[in-house]
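Please open the structure in your viewer and keep the sequence beside it. The tour below proposes a series of selections and states what is found at each one.

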Amino acid sequence: METDIDPRSLIGRKAFDRNGHRLGTVDEVYLDDATGVPEWAAVRTGLFSRDAFVPLAPSTLVNDALQVPFERALIKDAPDFGVGRHLSPEQELQLYHHYGLALPEPDPEPPDRPASLSDRDSQRNFGRLAGQDD
């Protein structure tokens with residue numbers, strides 16, 4: 001996704017799947033605590049007022065809407081963690097696996113200590129950027 005876009009501007013935008021089917025409205029944007037880069041969006045699907053997490057990195061802005069390059073069925077089957085709090089490293093890992101995305105490279109470790117998967121995951125903690133009324 002374009003990195004120069006203010007994540008607050010995503011909130012309230014309509015979101016569509018790869019085929020142009022409407023998913024819902026972007027409810028919240030989640031940032032990587034270490035980098036501040038927007039990485040996930042919670043899209044209010046309307047189905048039981050559920051929010052589905054979608055990855056922002058492969059998504060694009062098209063005609064003022066968020067275009068998510070996955071099928072609607074896959075998005076609606078994404079793990080449901082609720083909104084309004086940090087994503088844990090385990091939850092983030094579940095989302096990466098659900099969407100078949102490669103994990104981002106971890107921050108470099110000192111040369112004398114190799115990073116294990118659990119070390120890498122524990123370094124990634126996500127914050128959220130709440131809606132305009134927070």
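**A pair across two strands**

Begin by selecting Ala42 and Phe53 of β4, which stand opposite each other. The model on display is a predicted one. Now extend the selection to the whole of β3 and β4: the two strands pair in the antiparallel sense, over five bridges.

**Around Phe53**

Keep Phe53 selected and display its surroundings. Leaving aside residues up to four places away in sequence, Phe53 touches Tyr30, Trp40, Ala41, Ala42, Ala78, Pro79, Phe81, Gly82, Val83, Leu87, Leu95 and Tyr99.

Phe53 also leads into the largest nonpolar core, which has 26 residues. Select Trp40, Phe53, Val54, Leu66, Ile75 and Tyr99, the residues with the most contacts inside this core. The elements that give two or more residues to the core are β2 (22-32), β3 (38-44), β4 (51-55) and α2 (89-99). Which of them supplies the largest share? That share, five residues, comes from β2.

**From β2 to β3**

Next, select β2 together with β3. The two strands run antiparallel and are joined by six bridges. Thr25 may be picked out here, as it stands opposite Arg44 in β3. Follow the chain from β2 into β3 to see the hairpin, which has five residues between the strands. In its turn, Gly36 has a positive phi of about 75°.

How many of the seven residues of β3 are buried? Five of them are, so β3 is largely enclosed by the rest of the structure.

**Helix α2**

Move to α2 and colour its buried residues: Pro89, Gln91, Glu92, Leu93, Leu95, Tyr96 and Tyr99. Then select Gln91 alone. Is this residue buried or exposed? Gln91 has a relative accessible area of 18%; because the limit for a buried residue is under 20%, Gln91 counts as buried. Beyond residues up to four places away in sequence, Gln91 touches Phe81 and His86. After α2 comes Gly100, with a positive phi near 70°.

**Gln67 in β6**

Finally, select Gln67, which is placed in strand β6 (residues 65-67). Display Ala15 as well: 52 residues separate Gln67 from Ala15 in sequence, yet their C-alpha atoms are 5.9 Å apart in space. Not counting residues up to four places away in sequence, Gln67 touches Phe16, Asp17, Arg18, Asn19, Gly20, Ser59, Thr60 and Val62. With Asp17 added to the view, locate its backbone oxygen, which lies 2.3 Å from a polar atom of the Gln67 side chain.

How values were computed:
Residues numbered from 1 in each chain as written. Predicted model: local features only at pLDDT ≥ 70, side-chain atom pairs only at ≥ 80, totals over all residues. Heavy atoms only, no water. Core = buried A, V, L, I, M, F, W, Y, C linked by side-chain atoms within 4.5 Å. Buried < 20%, exposed > 50% of the residue type's maximum accessible area, 1.4 Å probe, protein only. Helix = DSSP H or I, 4+ residues; strand = E, 2+ residues; numbered from the N terminus. Contact = heavy atoms within 4.5 Å. Polar contact = N/O pair within 3.5 Å; in protein donor to acceptor, adjacent residues only side chain to side chain. Pairing = 2+ DSSP bridges.
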